[in-house]
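This briefing covers salt bridges and a surface patch. Please keep the model open while reading.

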Amino acid sequence: MVIVLEILLVVGVVGLAVSYLFRGRREAQRQALTESRVEAYMQTIRREGSNAELLAMSDAELKELLLSSARNLRVQSERKWYLLVGGGVVAFLAAIMVGTEEGTRGFGVAMLVGAAVLYGLNEYFGRRMKEPLQKRGIDAERLRVE
């Protein structure tokens with residue numbers, strides 16, 4: 001059993017190292033895709049002509065605004081992900097603690113409560129991320145790179 005855990009640990013460390021080494025290439029691809037989406041969205045904004053504030057900007061200003069918005073959206077999305085993963089770990093540990101006292105039913109109820117809280121946090125932070133962009137008339141989904 002200990003040998004299996006050691007092998008899993010080594011495989012995990014090697015996987016993290018490889019992921020870290022190829023991080024730059026993945027970031028470059030993501031940046032290129034973001035710039036491509038920004039260019040396409042700029043053309044859409046100019047063609048539709050529905051937002052006077054965005055139409056009044058020069059191409060350079062609009063591009064910087066959209067690139068900055070896309071970067072902020074990505075950073076906030078990563079922050080939200082870390083918060084939800086941490087919340088999931090806390091909810092699971094709390095469910096284990098409740099389960100030791102109350103049994104399987106207590107574990108299940110604690111997991112349901114944790115899932116409901118995490119869902120609410122996800123919705124709240126998702127809306128909060130998009131709110132500043134919507135105030136300016138920018139569609140956040142057009143800037144998102146998965």
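A salt bridge here is a side-chain nitrogen of Lys or Arg within 4 Å of a carboxyl oxygen of Asp or Glu. The model is predicted: local features need pLDDT of at least 70, side-chain atom pairs count only at pLDDT 80 or more, and totals for chains, interfaces and linings use all residues. Residues are numbered from 1 along each chain as its sequence is written, and side-chain values use heavy atoms, with hydrogens and water left out.

A search of the whole structure gives eight salt bridges. Three of them are described below, followed by a nonpolar patch.

**Glutamate 39 and lysine 63**
- These two side chains form a salt bridge, at 3.1 Å from N to O.
- The pair connects distant parts of the chain: glutamate 39 sits in helix H2 (residues 23–48) and lysine 63 in helix H4 (residues 59–102), 24 residues apart.
- Helices (H or I, at least four residues) and strands (E, at least two) are DSSP runs, numbered from the N terminus.
- Glutamate 39 is partly exposed, at 34% relative accessible area.
- Lysine 63 is also partly exposed, at 28%.
- Buried means under 20% relative accessible area, exposed over 50%, and partly exposed in between (1.4 Å probe, protein chains only).

**Glutamate 53 and arginine 136**
- A salt bridge joins these side chains, with N to O at 3.3 Å.
- Distant parts of the chain are linked again: glutamate 53 belongs to helix H3 (residues 52–55), while arginine 136 is in the loop between helix H5 (104–135) and helix H6 (140–143), 83 residues away.
- Glutamate 53 has a relative accessible area of 39%, so it is partly exposed.
- Arginine 136 is partly exposed at 32%.

**Lysine 130 and glutamate 141**
- The closest N and O atoms of this salt bridge are 2.8 Å apart.
- Lysine 130 is in helix H5 and glutamate 141 in helix H6, so the pair ties together parts eleven residues apart in sequence.
- Lysine 130 is partly exposed, at 24% relative accessible area.
- Glutamate 141 is partly exposed too, at 41%.

**Nonpolar surface patch**
- Trp81, Tyr82, Val85, Val89, Phe92, Leu93, Ile96 and Met111 make a nonpolar patch of about 800 Å².
- Patches take residues with over 30% relative accessible area and no salt bridge; like charges are joined within 9 Å, nonpolar side chains (Val, Leu, Ile, Met, Phe, Trp, Tyr) within 5 Å.
- Accessible areas come from the Shrake-Rupley method with a 1.4 Å probe; for residues, only the protein chains shown count as cover.
- H4 supplies the largest share of the patch, seven residues.
- Tryptophan 81 lies in helix H4 and is exposed, at 56% relative accessible area.
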